[in-house]
Amino acid sequence: MPTQQDTTRALLDTCGRTFAAEAGIGLRDTPQPLYRLLVLACLLSARIRSGVAVAAARDLSESGMRDARSMRAAGWQERVDSLGRGGYRRYDERTATQLGDGAQLVLDKYGGDLRKMRGEADGDVGKLRRLLQEVQGLGPAGANIFLREVQGVWTEAAPLLDAKALQGAAAVGLPEDARKLARLVDTDVLPAFAAALVRVALDKKAAARVQEAAEHR
């Protein structure tokens, strides 16, 4: 029978890639990658396949919309077209509006630099979550997505293993307790671990692959 460490290693080997990495975001504590992660979190929080959201985030970036200023400067139709190329068609018009309005808020309140949002929160993760939700299109789910991914850079957010991650833990037989889960990996691995847990929560086939890999360790 696989141990928790067997399952954890299998999980990371099989699904341990952050959504930011999949979207081509080299995440670090600088304005552009943080803003690109914010956009990705907005896209991922809609009821749409994660692969579509990632593709749309990639296209927005490749089309030059990599920071709040360029996102706001792009026309609404340009944003719609980019989202459509990524396959994000069901919500493209509403999301194009939200991205423009959200970019304006980030510019007006933080000068385009989300590190100033972090500074305003001053280590209070609850306040940081509330500030994130002021951005148009980013509700509680989107704020959690952003924090799950950024916790390796904004370490005050760690360990963040939310309800969706706990659902993934249950799917592969790991503890459904955030503190116990966090102890299974080093702090720097938490973003990839959280993403892997979410992936198996969303995909029963991925969960089965992890369990099979764990059994063969």
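A: Let's begin with a definition: two residues are in contact when heavy atoms of theirs lie within 4.5 Å. Keep in mind that this model is predicted.

Q: Okay, so what share of contacts between residues at least 6 apart in sequence join residues at least 24 apart?

A: In this protein it's 62%.

Q: How many helices and strands does the protein have?

A: You'll find 14 helices and zero strands. Read from the N terminus, the elements go α-α-α-α-α-α-α-α-α-α-α-α-α-α. The radius of gyration is 17 Å, close to the 17 Å that the globule rule gives for 217 residues, so the protein is as compact as a globular protein of that length.

Q: What does the C-alpha trace span along its principal axes?

A: About 55 × 40 × 25 Å.

Q: And how do I read burial? What percentage of the residues count as buried?

A: Buried means under 20% relative accessible area. Here 49% of the 217 residues make that cut. Take C15: its relative accessibility is 8%, so it counts as buried. C42 has a relative accessible area of 10%, so that residue is buried too.

Q: How many disulfides turn up in the whole structure?

A: A disulfide is a covalent bond between the sulfur atoms of two cysteines. A search of this whole structure finds zero of them.

Q: What about the surface: how much area does the protein expose?

A: Roughly speaking, about 10,100 Å², with carbon and sulfur atoms supplying 45% of it.

Q: Last one: how far apart are the mean positions of the positive and negative charges?

A: They're 2 Å apart, counting 32 positive and 28 negative charges.

Definitions and conventions. Residues numbered from 1 in each chain as written. Predicted model: local features only at pLDDT ≥ 70, side-chain atom pairs only at ≥ 80, totals over all residues. Heavy atoms only, no water. Helix = DSSP H or I, 4+ residues; strand = E, 2+ residues; numbered from the N terminus. Rg over C-alpha atoms; globule rule 2.2 N^0.38 Å. Buried < 20%, exposed > 50% of the residue type's maximum accessible area, 1.4 Å probe, protein only. Areas by Shrake-Rupley, 256 points an atom, 1.4 Å probe, with all protein chains shown as cover. Lys, Arg positive; Asp, Glu negative; His and termini not counted. Charge placed at Lys NZ, Arg CZ, Asp CG, Glu CD. Disulfide = S-S within 2.5 Å.
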